[in-house]
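Colleague: I'd like to talk through how these chains sit together. Can you put the model up?

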There are 2 protein chains.
Amino acid sequence: MMKHIIKNVKIAVNEKTYVKDPESSDLGKRIVEHGISLISEMGFEKFTFRKLGTRIGSNESSIYRYFENKHKFLIYLTSWYWGWKEYQLVLTTNSIQDEAVKLEKALEVLTEPVEEDSSFSHIDEVALYQIVINEYSKSFLTKEVDRENKEGYFEIYKRMVGRLGEMIRAVQPGYAYAGSLASTVMEGSLYQHFLMDHFPSLTDCTDDRSLFDYLRHLVFSSLNLETHG
Amino acid sequence: MMKHIIKNVKIAVNEKTYVKDPESSDLGKRIVEHGISLISEMGFEKFTFRKLGTRIGSNESSIYRYFENKHKFLIYLTSWYWGWKEYQLVLTTNSIQDEAVKLEKALEVLTEPVEEDSSFSHIDEVALYQIVINEYSKSFLTKEVDRENKEGYFEIYKRMVGRLGEMIRAVQPGYAYAGSLASTVMEGSLYQHFLMDHFPSLTDCTDDRSLFDYLRHLVFSSLNLETHG
DNA sequence: TAGTTAATGATAGTAATACTATTATTTTTG
DNA sequence: CAAAAATAATAGTATTACTATCATTAACTA
């Protein structure tokens, strides 16, 4: 439903995450495309540039000309994902007047099943979403987080939490924890997804719909409001 | 305040996480003690058994006689932490009759500042808490999570989420997302702590007290109840 | 107290990782 | 067609994550 509204959009990712823009060449796009499939297949720990080189029939050293290391590659990929989601969020909620409806719609965008977006043919958004669920935390749970944060590596995610926080504040200006609630929802939506897949006894959610219902109830009852379901 | 109520308690950790029980010898305890300080200093990625051996003036190969690898070592440490927290949780809430007060107390245990527990002299609980905040997710965000879950590596954490879920259900049996809310609170308390330390713009919490207030409000408003603050 | 066993230490070795550096070849483009 | 840019090939390094073997020390037991 999000597709084809605007053609030729490019998701802008912090330039420091790459040495050479992977969107600028065929090899770059192949690195991203098969990097996504390799990481989602074998997990970030076992993923190496050497293996990726082998898969795309290209040389390890060529990949290093695009990305400094696999950590930065992960930050590139997940930033792209959040940039893509942010784009959807803005597009979907922008025209909505009623602040409560807007907030509800935002939660929907965050929880609805990810679908392939044909605007970006070299990126498998469904596989990338799995990477975000399983690996995103690893991009910031490091000793370098403060330096990398200063360098702007997490800007898109932060902006997204900021937007969600603003929407919460717009609905209920008196609520004191809009930022915390926004970050809880962002992280919680990933975490609950992971639990559905691996620890179903720790969650009541069974699909995207019930996850949406749960988070909507969480947010709106925190704001002392009923939902509009 | 939790100290010395019962002497000689041993926190029981799944035996599969170690080759030889580190509590059973002096070397084992030194491995745990300095393992905690090394991981909290340099982070889990840069931590190696070789470095730990050097620090304790012992041989790398001797450490391998206690733990198969550093992943299992992390699971051992974090399981110990959750076991210790569970013990506090049960001890603190057990005698409380009023279910709402009990739940509130549980949230307090989860969010209150961690203090050294002299019952376990070789374990620095404050440093271990930092490890849980920064590294716990890495113990389950792996491709081996399902197998390890089957082998019971995450039992204590799951039991703890289960207990919290039960407390929520006891307060409001009609609430449909007690498990999800419990897991959100468990993970959320760690995540918000991390944000306080590294991404203060993404949270409204500034200390343990405000984190407690936030989570209490989150839980009790989800249950359509006012808090007892 | 000698003898056995268990625990720890020392040393060496392996395959893989995470790169860097250099040179060669191919492709692009002016 | 020549120069420049991009990619590939090859080699090399320090470190990691182990395993294996053998030596030494400590503990406990007959």
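Modeller: Two residues count as in contact if their C-beta atoms, placed from the backbone, lie within 7 Å. This is a predicted model, where local features need pLDDT of at least 70, side-chain atom pairs count only at pLDDT 80 or more, and totals for chains, interfaces and linings use all residues. Residues are numbered from 1 along each chain as its sequence is written, with chains lettered from A and ligands numbered from 1 in the order in which they are written.

Colleague: What share of the interface residues of chain A are also interface residues in chain B?

Modeller: On the contact count, 40 residues of chain A touch 40 residues of chain B. The copies meet through the same surface, because the shared portion of chain A's interface residues is 100%.

Colleague: Which element gives the most to the side of chain A that touches chain B?

Modeller: Helices here are DSSP runs (H or I, at least four residues), numbered from the N terminus. Among those giving two or more residues to that side are α1 (26-46), α8 (155-171) and α10 (208-222) of chain A. The top contributor, with eleven residues, is α9(A).

Colleague: How are the two copies related?

Modeller: Superposing by least squares on C-alpha atoms of residues with pLDDT of at least 70 in both, chain A lands on chain B with an RMSD of 0.0 Å after a turn of 180 degrees and a shift of 0.0 Å along the axis. The copies are therefore related as by a two-fold rotation axis.

Colleague: And which element gives the largest share of the surface near DNA strand C?

Modeller: "Near" means a C-beta atom, placed from the backbone, within 6 Å of the strand. α3 (60-64) of chain A and α3 (60-64) of chain B each give two or more residues. The largest share, three residues, comes from α3(A).
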